[in-house]
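Hi,

Here is the structure I promised to pass on. Have a look at it first, then read my notes below.

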There are 2 protein chains.
Amino acid sequence: MRTEGRAKRLPRAVRERQIMDAAVDVFSRLGFHAASMDEISEVAGISKPMLYAYLGSKDELFATCIRREATRMMEAIATGVEPDQEPDVQLWSGLRAFFGFVGENRASWMVLHRQASTQGGPFAVELTDMRGRAVSLVAALLTQSTKAPATKLEAESLAAALVGAGESLADWWLDHPEEPAGVVAARLMNLVWMGFGDLVDGNVWHPPSRR
Amino acid sequence: MRTEGRAKRLPRAVRERQIMDAAVDVFSRLGFHAASMDEISEVAGISKPMLYAYLGSKDELFATCIRREATRMMEAIATGVEPDQEPDVQLWSGLRAFFGFVGENRASWMVLHRQASTQGGPFAVELTDMRGRAVSLVAALLTQSTKAPATKLEAESLAAALVGAGESLADWWLDHPEEPAGVVAARLMNLVWMGFGDLVDGNVWHPPSRR
DNA sequence: GAGTAGTCTTACTCGCGAGTAGGTACCAGG
DNA sequence: CCTGGTACCTACTCGCGAGTAAGACTACTC
């Protein structure tokens, strides 16, 4: 009668992965507060004391989730971006990588951004850190490409606005999942590169040919 | 010995206002789940049963808060926008009104957007409704001003992107309160009207003279 | 001043969820 | 076969917070 069901006696490293996956899933579905350690342990196929033994308290577990998912995302973007290209192409590849990641990891994005940004306290720190890395990246892109003598501060704040727009558009996308990633990315690309001023005149930006 | 302290025996309408104010305050400071009805009643200077008698359950109270603050904000924007002007000026006045409201009502914005967007369920409905009104407004602006034969759908999605950018930039602003409202509004205006493509060439948008 | 409608309180119940005590099953090496 | 260590469990404690019961106090009316 126990042919299936409980996989038994796995090494610690494996269990920790399972637990983290379950935690990200539950946190993203229910939110930090509404998520219970009982539910997480159940989804992970494990009992609560194991959870506490391996990952510590609820707060520690959540912080660990944020760190892991933030790292995954930044790596995905770093992999996807194409350096040594024209600024617009770099931005485009970065946006595609970003929305690609969010699209394939909705749970990650939820736990990462939506939840962490509404729980004050120590969690916001992890988020701020990741956002800071993203902003620096965009700011560098702008500084290197600008022809006008823009101050470093101006570039930073514009980068922050763009990153904010990307974050929000990704949030919005969660509520409109029918749109494909490329369309959403292209929309933001056009918005921030061309601006409405050009768009209402019919001038659109498009990627440079095929590859 | 009772010269001050409890204000006594106020009519229902007044109490309801006090309670709503307290609720918005507490919800925005602590978040929906962490906010307790005990704390709200204490801040309102009232006992818990009164709270339940007048505003119903915690969920009902929260939904009522969202509705009230959403209405306040939409009215502020409608008042601030200048119709019968060039599209960019209309957009500019709308953005100024929006960021002006958020700046003077940080608590409202928090309870309205940050909290409501992370609690799933019935609350999201109120938000979606308000966002829908804002999007329609912007979409109309775009449609009326566009020279290219843009589809209604294209305008709608661009409007959604802009509204999303505004929402996110307002969220971001909460974490960077040192910036003045006008600067943030101008930043978004430049971003969405001119685009990075122009900005890196030194072409900026600026309001048409003084008034 | 007796009735009654509305304001307001103290003092509970009760369930849920974080965290734990105190084990049991299984697998090394001796 | 014992000894220890690691994976794993059932079954609790305990506080917090949503929601309520039952009544007290005030004010206004006839």
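DNA strand D has 21 residues around it, and the closest are R9(A), R9(B), M37(B), K48(B) and Y52(B). Being near the strand means having a heavy atom within 4 Å of it. By class, 9 of these residues are nonpolar, 3 polar and 9 charged (Ala, Val, Leu, Ile, Met, Phe, Trp, Tyr, Cys and Pro count as nonpolar, Asp, Glu, Lys and Arg as charged, and the others, Gly among them, as polar).

Before you go on: this is a predicted model, where local features need pLDDT of at least 70 and side-chain atom pairs count only at pLDDT 80 or more, while totals for chains, interfaces and linings use all residues. Residues are numbered from 1 along each chain as its sequence is written, chains are lettered from A and ligands numbered from 1 in the order written, and side-chain values use heavy atoms, leaving out hydrogens and water.

What does the protein meet on the strand? Of the strand D atoms within 4 Å of the protein, 55% belong to sugar or phosphate and the rest to bases. Polar side-chain atoms of R15(A) and K58(B) sit 3.0 Å and 3.1 Å from a phosphate oxygen of strand D. With A35(B), a backbone N or O atom lies 3.3 Å from a phosphate oxygen of that strand.

One more residue to find: E167(B), in helix α8 (residues 152-174) of chain B (helices are DSSP runs of H or I, at least four residues, numbered from the N terminus). E167(B) counts as buried because its relative accessibility is 7% (buried means under 20% relative accessible area, with a 1.4 Å probe and protein chains only).

Cheers

Technical notes:
A polar contact is a pair of N or O atoms within 3.5 Å; within protein, one must be able to donate a hydrogen and the other to accept it, and residues adjacent in sequence count only if both atoms are side-chain atoms. Helices (H or I, at least four residues) and strands (E, at least two) are DSSP runs, numbered from the N terminus. Buried means under 20% relative accessible area, exposed over 50%, partly exposed in between (1.4 Å probe, protein chains only).
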